[in-house]
Amino acid sequence: MSSDAPAEVRPRVAVVGAGFAGLHVARGLAKAPVEVTILDRANHHLFQPLLYQVATATLSPDQIAHPIRAVFRKQENARTLLADAQAVDLEQGRLSLAREDGGVDHLDFDYLVVATGVTHSYFGHDEWAEHAPGLKSLEDALEIRRRVLRAFELAERNPADADSLLTFVVVGAGPTGVELAGALAEIARKSLRREFRSIDPTSARILLVEGGGRVLPAYVERLSESAKQQLESLGVEVHIGAQVTQVDAEGVVVRMGDLDTKERIESQTVLWAAGVRGSSFADKLGVELDRSGRVPVTADLSLEGHPGVFVAGDLAVIDGESGQVPGVAPAAIQAGKHIARQIGRELEGRSREPFRYRDRGSLATIGWARAVADLRIVRFTGVTAWFAWMAIHVAFLVGFRNRLFVLLGWAWSYVTFRRGARLITKPEADEPLS
C-alpha cells in the first residue's frame, strides 16, 4: 500500500513589479500558504527616491539598488523571474511572458498584484523625450549623469559654446525637479570649482521651470516658498507659471507667466521632471484608466469586477480620507502590506478590509543642509529637515550594505563637496567631443 499523498496545491500569487509595493506584498506573504512569483524586467529593486543622486554623481547605482533574488533568498515560498509581462487574461488567470526568441511563456495565477509603477509623461509630445530625459530608472540616471558631466567637458574644449553648454534647464518643480536643480547648482558652484582651465563652472546657469503657481505644489505654501528661497540661495533661477511649448536639441521655448510672451532658452541639457503616466501594462488590464493612464481601484485595492486582481503603488488611483493617496514610497509600502493581509484573510475565510492610508508627512531635499519637511504635526526647514530627510531615506533602503555605503558617501560629499561617482560611463562613438 502506497503512503504517497497528493501534494498540497497552494494558491498562486503573481506579483508584477518589484518596487516598494510589489516587494512588500511578497514579503507580507512569507508565512502564508501560497506560492509567490515575483516578476520584473530588471533583476534589482530600485530605491527611486535617491535616483537623482546617481544622476548628479553623488551615489553609484549599486548603492541604491539591491538584487531581487537576494531579498527573497530565505523566503521558501517565493521565486523570482526576470521577465517582461506582455499580456494578461484576467478571466483565465494567466500572464503571457515574452521570450528572447520571440516566443511566449505562460504563468497561471490565482491572485495577481500589478505594481508596475509609472513612467514619464510629455503631455502629448513624446518626441521631446530624446532631448529631455526623465528620471525613473538607473538607465535614465546614468544618461543624465553622462549629459551633465559631458556638458562641462565640451565647454572646456569649446569655450565659445560655453553659454549654451553650461545652461541647464529642469522642467517641473515637484520633488524630483527641485532635487535635480539643487544638485546641479552644487555641482557647478562647489564640486567642479578650480578643476577646469578654460571655463568657470560657477558661471553655469541652472533654470527650474514650473508651469504651475509655485515650487513643490503639494506642500503648504510656507514650505513651498522656503524651498524657492533655498533654491535661489544656491543660484538656481526659478521661473513660476512658465510653460514649455517646445523642446529640441538646442534648447526650449517657454511661455512666461500671464504675459503670453515666449522666450527661447539655449541649452544643450534639458531634464524632464514635469509629469508621469501609468506604465504600459495598465493598458492590458482592459479597464478604464484615468487621464494619466493609471488604474482606479476599489476600497480594498482590487480591480472592479476582478477581486483576485490588485493594483498598488504609483500605478493605482486610490481615494483616501482626505483626497487621492499620493504616489510616494510610504503609500506604496502600506498598500503592499495591505494587499498581503487581504490575501491572507481571504485564505483564512475572513472578509477583506478597506485600505486606510496613514499619511506621516513628506520631505524634500534641495541641497546639502537644505530641505523642507511637513510631518503634519510639525513643519520645519533647513538643516534639521535635511537630517530628517537623510534618516528616513536610509531607513527605507534595502540591505545593510546599501545603508552603510550611502551614509559614507553622504559624509564624504558633505565634508569635501566632492562627488565620488563623477564618471562618464557611456561615451557615444558617433558623438565626438568637438
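Which residues form one aromatic cluster? In this structure, which is a predicted model, the cluster is made up of Y122, F123, W128 and W272.

**Aromatic pairs**

Eight aromatic pairs are counted in the model. In one of them, the rings of F123 and W272 have their centres 6.3 Å apart and their planes at 55 degrees, so the pair is described as tilted. This pair links distant parts of the chain, since F123 lies in the loop between β10 (118-120) and α4 (138-157), while W272 belongs to strand β17 (residues 269-272), 149 residues apart. The two partners also stand on opposite sides of the accessibility scale: F123 counts as exposed because its relative accessibility is 53%, whereas W272 counts as buried because its relative accessibility is 4%. Another tilted aromatic pair is formed by W386 and F387, with 5.1 Å from centre to centre and 55 degrees between the planes. Here W386 is buried, with a relative accessible area of 3%, and F387 is partly exposed, with a relative accessible area of 46%.

**Salt bridges**

Side chains of opposite charge can pair when their charged atoms come close. In this model the count comes to 20 salt bridges, and the table gives some of them with the distance between N and O atoms.

| Salt bridge | N to O distance |
|---|---|
| R99 and D105 | 3.1 Å |
| E348 and R350 | 2.8 Å |
| D359 and R376 | 2.6 Å |

The bridge between D359 and R376 links distant parts of the chain, with D359 in the loop between α8 and β25 and R376 in the loop between β26 (370-374) and β27 (379-381), 17 residues apart. D359 is partly exposed at a relative accessible area of 33%, and R376 is partly exposed at 38%. Salt bridges that share partners join these two residues with D374 and R379, so that D359, D374, R376 and R379 belong to one network.

As for the other two bridges in the table, R99 is partly exposed at 36% relative accessibility, and its partner D105 is partly exposed with a relative accessible area of 34%. E348, by contrast, counts as exposed at 55% relative accessibility, while R350 is partly exposed with a relative accessible area of 43%.

**A charged patch on the surface**

A patch of positive charge on the surface gathers R27, K337, R341, R358 and R360. Among these residues, R358 is found in the loop between α8 (329-347) and β25 (362-367), and R358 is exposed, with a relative accessible area of 51%.

Note on methods:
Residues numbered from 1 in each chain as written. Predicted model: local features only at pLDDT ≥ 70, side-chain atom pairs only at ≥ 80, totals over all residues. Heavy atoms only, no water. Patch = residues over 30% accessible without salt bridge, like charges linked within 9 Å, V, L, I, M, F, W, Y side chains within 5 Å. Areas by Shrake-Rupley, 256 points an atom, 1.4 Å probe, with all protein chains shown as cover. Salt bridge = Lys/Arg side-chain N within 4 Å of Asp/Glu carboxyl O. Lys, Arg positive; Asp, Glu negative; His and termini not counted. Charge placed at Lys NZ, Arg CZ, Asp CG, Glu CD. Helix = DSSP H or I, 4+ residues; strand = E, 2+ residues; numbered from the N terminus. Buried < 20%, exposed > 50% of the residue type's maximum accessible area, 1.4 Å probe, protein only. Phe/Tyr/Trp six-rings, centres within 6.5 Å; stacked < 30°, edge-to-face > 60°.
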